[in-house]
Amino acid sequence: MAEPGGAPELDPIVHGQLRLAVLSLLAGVEKADFRWLREKTGATDGNLGANLAKLEDVKYIGVTKKFVAKKPNSVYRLTPAGRRALAAYINALRKLLGGAL
């Protein structure tokens with residue numbers, strides 16, 4: 001939390017470029033699989049996987065893992081905590097920007 005009268009603090013988990021993109025994409029859909037997120041973000045498998053794990057660790061996203069035609073399939077969804085974190089991040093940005101935009 002920021003000090004009284006100071007600039008609002010941006011959640012460092014949400015602030016990461018790829019994590020912010022993933023949260024934003026998931027906010028607009030009910031669920032999304034790994035391949036769709038990779039295509040939308042242009043991230044490599046390793047980078048996307050690492051960032052998804054960070055979001056999962058803090059419970060901002062949930063994942064269901066299963067096999068489809070003997071291939072792994074991970075489906076992600078935004079959790080209520082993730083939706084709140086994204087909304088708080090956007091509100092903090094609005095406060096930082098003030099009337100600039």
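## Salt bridge, sheet and surface of a predicted model

The side chains of R38 and D45 form a salt bridge, with N and O 3.0 Å apart. The structure is a predicted model. A search of the whole structure turns up 1 salt bridge.

How exposed are its two residues? R38 has 27% relative accessibility and counts as partly exposed. D45, at 43%, is also partly exposed. Buried would require under 20% relative accessible area, and exposed over 50%, so the 27% of R38 falls in between.

The table sets these two beside L96, a residue of the surface patch described further on.

| Residue | Relative accessibility | Class |
|---|---|---|
| R38 | 27% | partly exposed |
| D45 | 43% | partly exposed |
| L96 | 41% | partly exposed |

**Overall layout.** The protein chain holds 5 helices and 3 strands. Along the sequence they run α-α-β-α-α-β-β-α. The C-alpha trace spans about 55 × 25 × 25 Å along its principal axes. The chain has 101 residues, and 29% of them count as buried. Its accessible surface is about 6800 Å², with 55% belonging to carbon and sulfur atoms. Take the contacts between residues at least 6 apart in sequence: 53% of them join residues at least 24 apart.

**The sheet.** In what order do the strands lie? The 3 strands make an open sheet ordered β1-β3-β2, with antiparallel pairing. β1 (32-33) and β2 (61-68) are the edge strands; each has a single partner strand, so one side of each lacks a neighbour in the sheet. Strand β3 covers residues 71-78 and pairs with β1 in the antiparallel sense over 2 bridges. In one bridge, D33 is partnered by V75 of β3.

**Helix α2.** This helix runs over residues 17-27. Which of its residues are buried? They are L18, R19, V22, L23 and L26. These residues lie on the same side of α2, because they cover an arc of only 135° around the axis. An arginine, R19, is thus listed among the buried residues of α2.

**A nonpolar patch.** L93, L96 and L97 make a nonpolar surface patch of about 230 Å². L96 belongs to helix α5, which spans residues 80-97. Why does L96 count as partly exposed? Its relative accessibility is 41%, and the partly exposed class lies between the 20% and 50% limits.

Notes. Residues are numbered from 1 along each chain as its sequence is written. This is a predicted model: local features need pLDDT of at least 70, side-chain atom pairs count only at pLDDT 80 or more; totals for chains, interfaces and linings use all residues. Side-chain values use heavy atoms; hydrogens and water are left out. Patches are made of residues with over 30% relative accessible area and no salt bridge: like charges are joined within 9 Å, nonpolar side chains (Val, Leu, Ile, Met, Phe, Trp, Tyr) within 5 Å. Accessible areas come from the Shrake-Rupley method with a 1.4 Å probe; for residues, only the protein chains shown count as cover. A salt bridge is a side-chain nitrogen of Lys or Arg within 4 Å of a carboxyl oxygen of Asp or Glu. Helices (H or I, at least four residues) and strands (E, at least two) are DSSP runs, numbered from the N terminus. Buried means under 20% relative accessible area, exposed over 50%, partly exposed in between (1.4 Å probe, protein chains only). The arc is that of the directions from the helix axis to the C-beta atoms. Contact means heavy atoms within 4.5 Å. Two strands pair if DSSP finds at least two bridges between them.
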